[in-house]
Amino acid sequence: NLPIKYSKKDLVNIAIDASVDAIILEGDDSEGLVEEIARAKEKNIPVITVLSDVANSARECYVGINRYDLGQTIGKQVTKKQKSGEINVCVLMNRNEANTNQNIIYSGIGQALSKNAKESYNIYTMAIEDNGTFGAEETIRDIFLSEEGVPDVLICLDKHSTTSACQAIVDYNRVGEVEIIGCYSSSAI
């Protein structure tokens, strides 16, 4: 809760200058973070990444979740939906995502849905073109305005798409028609 919003690079730099015992951070691909982690290692300050890793960095270890199990858990949530017939499930995936985490989650979802013999699931993906909120908003708008109709379940794998989906479901008057399974927590969500 600092008065100024610092980047992760700046926060790691501040921690190094303060000679902390260790640094725990949620990794990402922000500019300069790999160099700051290397600088921390030079000063014998261990860096541990959680939830998301910093690829090719000098971090001590990475603590994360099993993406396949996460997909299985999401898939099990979908199977709890009380609707008969074919259930259309759309998974929003970030096209710019460099790693394969989303694909592994998608595989877990598909596996969990295929185990449910009671219902028939039509699972498909939509690619979000941009990392920011606007790309998610445009993709979700296209989903809600498509001639094929809206999915029964919309699975969002990041904060931006979850926030945009929550807003769109209200804007397009689809509350109660579309179930959203999202990630992260915020006041907007």
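Me: Why is R141 called partly exposed?

Reply: R141 has a relative accessible area of 38%, and the class of partly exposed residues lies between buried, under 20%, and exposed, over 50%, with a 1.4 Å probe and protein chains only as cover, so R141 is counted as partly exposed. This is a predicted model, in which local features need pLDDT of at least 70 and side-chain atom pairs count only at pLDDT 80 or more, while totals for chains, interfaces and linings use all residues. Residues are numbered from 1 along each chain as its sequence is written, and side-chain values use heavy atoms, with hydrogens and water left out.

Me: What makes R141 and D142 a salt bridge?

Reply: The closest N and O atoms of R141 and D142 are 3.0 Å apart, and a salt bridge requires a side-chain nitrogen of Lys or Arg within 4 Å of a carboxyl oxygen of Asp or Glu, so the pair qualifies. D142, with a relative accessible area of 39%, is partly exposed.

Me: What does the salt bridge of D28 and K8 tie together?

Reply: The side chains of D28 and K8 meet at 3.3 Å, N to O. D28 lies in the loop between β1 (23-26) and α2 (33-42), whereas K8 is in helix α1, so the salt bridge ties together parts that are 20 residues apart in sequence; helices here are DSSP runs of H or I with at least four residues, and strands are runs of E with at least two, numbered from the N terminus.

Me: How do you know that C90 is in no disulfide?

Reply: A disulfide is defined as a pair of cysteine sulfur atoms within 2.5 Å, and the closest cysteine sulfur to that of C90, in C156, is 8.3 Å away, which is too far for a bond. C183 is in no disulfide either, as the nearest cysteine sulfur, again that of C156, is 7.6 Å away, and the structure as a whole holds zero disulfides.

Me: Why is C90 called buried?

Reply: C90 has 0% relative accessibility and therefore counts as buried. C183, at 17% relative accessibility, also counts as buried.

Me: How do you know that the buried residues of α3 are on the same side of the helix?

Reply: In α3, the residues R67, G71, Q72, I74, G75 and V78 are buried. They cover an arc of only 165° around the axis, which puts them on the same side of α3, the arc being that of the directions from the helix axis to the C-beta atoms.
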